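Trainee: I should like to go through the terms used for this model and see what each of them rests on. May we take them one at a time?

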Amino acid sequence: MSKSDDESLRPATKLVQGGRRPEWTGDPRLGGGVVNPPVWRASTILYDSIADLEARGHATHDKLYYGRRGTPTVWALADALTDMEPGAAGTLLYPSGVAANSAGLLALLAPGDHLLMVDSAYEPTRAFCDGLLARYGVTTTYYDPLVGAGIADLITPATKLIFLESPGSLTFEVQDIPAITAAARGRGVLTMLDNTWATPLLFPALAHGVDVAMMSLTKYVGGHSDAMMGSLTATKAVWPRLRSAAYQLGQAVAPDDCALMLRGLRTLDVRMARHGENGLTVAKWLAARADVGRVLHPALPGDPGHMIWSRDFAGTSGLFGFTLKGVDAAARTRFIDALSLFGIGFSWGGYESLVVPSNPIRTATAWTDPDPLVRLSIGLEDPADLIADLTRGFAAL
Ligand SMILES: Cc1ncc(COP(=O)(O)O)c(C=O)c1O
């Protein structure tokens, strides 16, 4: 037990207490404990005897058995993430967010099954559906992110899973997750959500009816752009299927990376608040400019997703998009190249601001906005400096 197992604790407190079980942080032979679970690196685990080896068996989870099964550093991170999702039975860790998404889809789908995939999903998620999953005999139908309760009309007898990503990480549509999960539950269909944008701090997914919550920990949880990892946190009903698939697929994460993720997790609450606040300052400034077409940010009152976002989310992160009005892609390149505080780079959620051009891929719906789209990940800099940097970009248009 760690103190964050206490359901009455609030999320910021759970982030601090999570995974710090005395058996992972303290050694009675040394007379006390340390604050953070140390980095336990291991492949081989040594047993006292064959009886000891047999006693630890395959059924146990948090007993040292073999390196791939994890060590206390790995379990501490998984445990802390589970405690952040009320209603969760456990968390599995994967070497990247993409690996987590693919493992979850494989675990929950079988040949002949039908998957409903949101049209605004992160591109590699689509690639997995159109590639390996199709070869494995799973058919995918992409659906409008704004479908809401209308998802019920798309469910067939073969549908086993609905995948959501909200807000979409390029186009920021907010899905009506409670309506979709209610329709799914009524038909015995599972739901899985890419919750990387919000994290359970802003959107506890399982409490909103989702069966499996996925996160790319690479983003806000790590927070420092120096480690990659993904997670799946699931209800009791689904957890054994994920665990069995993880055992078969053999994906393992490094304890050193888990220690980095745990370090990031402790400050997630304060960082997220600042990312959100800085992002909104920049978004409002952009929205007031004549050379901006629109700002795609659900926390802005005029945004089409604002109502659902206000109803369901406890705050905003710092990732959003905007369009450059009436210019071509070459002007977007000049705009981005003129920035100096914003790094040009993929990923997001780190302490440093990033910018990328984005080109949405759609098959079920059309992305009709002719203006070039830019995505910003707003970091922890002073927003006045970021605004000055963006002003240089607009001057280069
Ligand atoms: C929404 C979303 N999900 C998943 C991922 C994949 O995460 P990772 O880079 O850790 O594989 C990303 C990465 O950009 C993402 O934006």
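Trainee: What makes the pair formed by the ligand and the side chain of Ser216 a polar contact?

Mentor: This is a predicted model, and in it an oxygen atom of the ligand is 2.8 Å from an N or O atom in the side chain of Ser216. A polar contact is a pair of N or O atoms within 3.5 Å, so this pair qualifies. A nitrogen atom of the ligand also lies 2.6 Å from an N or O atom in the side chain of Asp194. At Gly97 the partner is a polar backbone atom, 2.8 Å from an oxygen atom of the ligand.

Trainee: How do you know how much of the ligand the protein buries?

Mentor: The ligand taken alone exposes 390 Å², and the protein buries 94% of that. Helix 5 (97-108) and strand 8 (212-216) are the elements that give two or more residues to the shell around the ligand.

Trainee: Which residues of the shell are closest, and how does the shell divide by residue type?

Mentor: Of the 14 residues that surround the ligand, the closest are Gly97, Asp194, Ser216, Thr218 and Lys219. The shell divides into 6 nonpolar, 5 polar and 3 charged residues. Gly counts as polar, so Gly97 belongs to the polar group.

Trainee: Why is Gly209 called buried?

Mentor: Its relative accessibility is 13%. Buried means under 20%, and therefore Gly209 meets the term. Gly209 sits in the loop between helix 8 (199-202) and strand 8.

Trainee: What does Gly209 contact beyond its neighbours in sequence?

Mentor: With neighbours within four places set aside, Gly209 is in contact with Thr181, Arg185 and Thr191. Gly209 and Ala179 are 30 residues apart in sequence, with their C-alpha atoms 9.3 Å apart in space.

Trainee: Which residues of helix 7 are buried, and what do they pack against?

Mentor: In helix 7 (residues 177-186) the buried residues are Ile177, Ala179, Ile180, Thr181, Ala183 and Ala184. They pack against strand 5 (139-143), strand 6 (159-165) and strand 7 (190-194). Just after helix 7, Gly188 has a positive phi of about 70 degrees.

Trainee: Which residues have the most contacts inside the largest nonpolar core?

Mentor: They are Leu93, Leu105, Leu115, Ile162, Phe322 and Leu376, in a core of 109 residues. Helix 4 (residues 72-83) gives the most to this core, with 7 residues. Apart from neighbours within four places, the contacts of Leu115 include Leu105, Leu133, Val138 and Phe163.

Conventions:
Residues numbered from 1 in each chain as written. Predicted model: local features only at pLDDT ≥ 70, side-chain atom pairs only at ≥ 80, totals over all residues. Heavy atoms only, no water. Core = buried A, V, L, I, M, F, W, Y, C linked by side-chain atoms within 4.5 Å. Buried < 20%, exposed > 50% of the residue type's maximum accessible area, 1.4 Å probe, protein only. Helix = DSSP H or I, 4+ residues; strand = E, 2+ residues; numbered from the N terminus. Contact = heavy atoms within 4.5 Å. Near = heavy atom within 4 Å. Polar contact = N/O pair within 3.5 Å; in protein donor to acceptor, adjacent residues only side chain to side chain. Areas by Shrake-Rupley, 256 points an atom, 1.4 Å probe, with all protein chains shown as cover.
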